[in-house]
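Trainee: I'm new to this one and would like to learn how to read it. Could you walk me through it, one feature at a time?

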Amino acid sequence: MMTAPLMMSDKDDDESDASILVETRPKTKRPPLYKVLLLNDDYTPMEFVVHVLERFFGMNHAQAFEVMLTVHKKGVAVVGVFSHEIAETKVGQVMDFARRHQHPLQCTMEKED
Ligand code: TYC
């Protein structure tokens, strides 16, 4: 009686595993963080900016007033650092809120180094 030779693979086990990289420790790369920046302008009322900082960035009134003054004097300030998704949401919320109130307030995001 004749039986066909039993063939499982052309390569032996060592050869077919040759491209597998064995990690010595688990990858724990943190996602990049993004700074949310508030920009100064000549028209948005100071009280409106203070309200934005309280409402969307969880600042108390004193903190919000201080940060607003920093933007007013220096032209720009970081108002928070977030994941990409949260930063995009904050920027959108501020820009929508400013536009609905017809203020030219600008808010942007930038990747942290
Ligand atoms: N410069 C504005 C004013 O004098 C106030 C202001 C502060 C505007 C911060 C924007 O992000 C800003 N009314």
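Mentor: We'll go from the overall fold to the ligand and then to a few single residues. Keep in mind that this is a predicted model.

Trainee: Let's begin with the fold. How many helices and strands does the protein have?

Mentor: The general idea is to count the elements, then read their order. Here the protein has four helices and three strands. Starting at the N terminus, the order is α-β-α-α-β-α-β.

Trainee: And what share of the residues is buried?

Mentor: Of the 113 residues in the protein, 27% are buried. A residue gets that label when its relative accessible area is under 20%.

Trainee: On to the ligand, then. Where does the ligand sit?

Mentor: You'll find the ligand in the largest pocket.

Trainee: Which residues surround the ligand there?

Mentor: To read a shell, list the residues around the molecule, then ask which elements they come from. The list here is Leu-38, Leu-39, Asn-40, Asp-41, Thr-44, Met-46, Val-49, Met-68, Val-71, His-72 and Leu-105. Strand S1 (34-39), helix H2 (46-57) and helix H3 (61-74) each contribute at least two residues to this shell.

Trainee: Which element gives the most to the shell?

Mentor: That's H3, with three residues.

Trainee: How do the shell residues divide into nonpolar, polar and charged?

Mentor: Seven of the shell residues are nonpolar, three are polar and one is charged.

Trainee: What about polar contacts? Which residue has a side-chain N or O atom 2.9 Å from a nitrogen atom of the ligand?

Mentor: For these, look for pairs of N or O atoms within 3.5 Å. The one you ask about is His-72, which uses its side chain. Two others go through the backbone: a polar backbone atom of Asp-41 is 2.7 Å from a nitrogen atom of the ligand, and a backbone N or O atom of Leu-39 is 2.8 Å from a ligand oxygen atom. As for cover, the ligand on its own has 350 Å² of accessible area, and the protein covers 89% of that.

Trainee: Now single residues. Is Val-36 buried or exposed?

Mentor: Compare its relative accessibility with the cut-off: Val-36 has 0%, so Val-36 counts as buried. This residue belongs to strand S1. Val-36 also shows how the chain folds back, since you can compare distance along the chain with distance in space: Ala-87 is 51 residues away along the chain, yet the two C-alpha atoms are 6.3 Å apart.

Trainee: Can we try that on a helix? Which helix holds Val-52?

Mentor: Val-52 is in helix H2, and with a relative accessible area of 0% Val-52 is buried. Its C-alpha atom is 8.4 Å from that of Ala-64, which is 12 residues away in sequence.

Trainee: And in a loop? Where does Pro-32 lie?

Mentor: Pro-32 is in the loop between helix H1 (13-16) and S1. Its relative accessibility is 39%, so Pro-32 counts as partly exposed. The C-alpha atoms of Pro-32 and Asp-113 are separated by 8.7 Å, with their positions 81 residues apart along the chain.

Trainee: One last thing: what is phi of Gln-102 near?

Mentor: When you read phi, check its sign and the residue type. Phi of Gln-102 is near 55 degrees, a positive value in a residue other than glycine. Gln-102 is in the loop between helix H4 (84-100) and strand S3 (106-111). Its relative accessible area is 72%, so Gln-102 is exposed.

Methods. Residues are numbered from 1 along each chain as its sequence is written. This is a predicted model: local features need pLDDT of at least 70, side-chain atom pairs count only at pLDDT 80 or more; totals for chains, interfaces and linings use all residues. Side-chain values use heavy atoms; hydrogens and water are left out. A residue is near a molecule or strand if one of its heavy atoms lies within 4 Å of it. A polar contact is a pair of N or O atoms within 3.5 Å; within protein, one must be able to donate a hydrogen and the other to accept it, and residues adjacent in sequence count only if both atoms are side-chain atoms. Accessible areas come from the Shrake-Rupley method with a 1.4 Å probe; for residues, only the protein chains shown count as cover. On a 1 Å grid over the protein atoms alone, a cavity is a set of points where a 1.4 Å probe fits but cannot get out, and a pocket is an open set with protein on both sides within 12 Å along at least five of seven lines; lining residues have an atom within 4 Å of a point. A molecule sits in a cavity or pocket if more than half of its atoms lie within 2 Å of its grid points. Ala, Val, Leu, Ile, Met, Phe, Trp, Tyr, Cys and Pro count as nonpolar, Asp, Glu, Lys and Arg as charged, and the others, Gly among them, as polar. Buried means under 20% relative accessible area, exposed over 50%, partly exposed in between (1.4 Å probe, protein chains only).
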